[in-house]
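User: Hi! I've just opened this one and would love to talk it through with you. Could you take a look with me?

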Amino acid sequence: MSMDSLKDLYIDELKDLYNAENQLVKALPKMARKASAPELQRAFQEHLTVTKTHVSRLEKMFQGMGEKPTGKTCKAMKGLVEEGKEVIEEDGDPSVLDAALIGAAQRVEHYEMAGYGVARTFARQLGENKAADLLQMTLDEEGDADKKLTGIAEGSINQKAEDARKPAAKRSAAKSGKRR
Ligand SMILES: [Fe+2]
Ligand SMILES: [Fe+2]
């Protein structure tokens, strides 16, 4: 496809996002299955539902423009999903692996936030205000997912991951608040 206008570029960005979201629809159930902490499993499952609405939101936008959303592979998301797969295939302490899954997922969310920010700004420039609002809605939801993951990491998982390989004596000292 030739890039002769901002509209061409805008449609190309949307196709990239559409492919990225579809890759995630496949990857998130695997992340959820690998997660050990129930709240992390739930967060991934909930974001799967949200991700499916992102896919249909993009489909509606393409329908409105009389365009097809297919025909592009988001290589960056391929790489990010590949990194998530590395964690899925890893053995180790469940909390450490949960922390690693969160790290992989947050990279994905930030990539999506960048993509939706770019597309929203193009939509505004093109006077596609309804589309811009939809893209902003998705952007906000990606941001919510990212913040939720930070909350889960800081709430319990990072501490459990840190405690994972501590000798028992040190662990109980840490629990009672004694440093040494
Ligand atoms: Fe999404
Ligand atoms: Fe997302």
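User: Along the chain, what spacing do the donors of the iron ion (ligand 2) follow?
Analyst: They follow H-x61-E-x2-E-x29-E. Donors here are N, O and S atoms within 2.8 Å of the metal (3.2 Å for Na, K and Ca); water is not among the atoms, so sites may look incomplete. Please keep in mind that this is a predicted model, where local features need pLDDT of at least 70, side-chain atom pairs count only at pLDDT 80 or more, and totals for chains, interfaces and linings use all residues. Residues are numbered from 1 along each chain as its sequence is written, chains are lettered from A and ligands numbered from 1 in the order in which they are written, and side-chain values use heavy atoms, with hydrogens and water left out.

User: Which residues are the protein donors of that iron ion (ligand 2)?
Analyst: H47 (NE2), E109 (OE), E112 (OE) and E142 (OE), and they lie 2.0 to 2.3 Å from the ion.

User: And what are the angles among its four donor atoms?
Analyst: They run from 77 to 168°, and the site of the iron ion (ligand 2) is irregular. For that label, four donors count as tetrahedral if all angles lie between 85 and 135 degrees; four count as square planar and six as octahedral if opposite donors are over 155 degrees apart and all others between 65 and 115; anything else is irregular.

User: Where do H47 and E142 lie?
Analyst: H47 lies in helix α2 and E142 in helix α5, so this pair ties together parts that are 95 residues apart in sequence. Helices (H or I, at least four residues) and strands (E, at least two) are DSSP runs, numbered from the N terminus.

User: Is E142 buried or exposed?
Analyst: E142 is buried, at a relative accessible area of 0%. H47 is buried as well, at 7%. Buried means under 20% relative accessible area, exposed over 50%, and partly exposed in between (1.4 Å probe, protein chains only).

User: What coordinates the iron ion (ligand 1)?
Analyst: Its donors are E21 (OE), E21 (OE), H54 (ND1), E112 (OE) and E142 (OE), at 2.0 to 2.8 Å. Their residues are spaced E-x32-H-x57-E-x29-E in sequence.

User: How far apart are the iron ion (ligand 1) and the iron ion (ligand 2)?
Analyst: They are 3.5 Å apart, and E112 coordinates both. E112 is buried too, with a relative accessible area of 2%.

User: Switching topic: which residues touch the most other members of the largest nonpolar core?
Analyst: L40, F44, M77, L101 and I102, out of 24 residues in that core. At least two core residues come from each of α1 (6–34), α2 (38–65), α3 (75–88), α4 (94–125) and α5 (129–163). A nonpolar core is a set of buried Ala, Val, Leu, Ile, Met, Phe, Trp, Tyr and Cys residues joined through side-chain atoms within 4.5 Å. Apart from the largest core lies another, of 17 residues, among them Y18, V55, F122 and A132.

User: What is F44 in contact with?
Analyst: Leaving aside neighbours within four places in sequence, F44 is in contact with L28, M31, A32, A35, L101, A105 and L149. Contact means heavy atoms within 4.5 Å.

User: Last one: at what angle do the axes of α1 and α3 cross?
Analyst: At roughly 10°, and the axes come within 10 Å. Axes are lines fitted to C-alpha atoms, for helices over the stretch in contact, and angles run from 0 to 180 degrees between N-to-C directions. α1 and α3 are therefore roughly parallel to each other. Angles under 35 degrees count as roughly parallel, over 145 as roughly antiparallel, 65 to 115 as roughly perpendicular and the rest as oblique.
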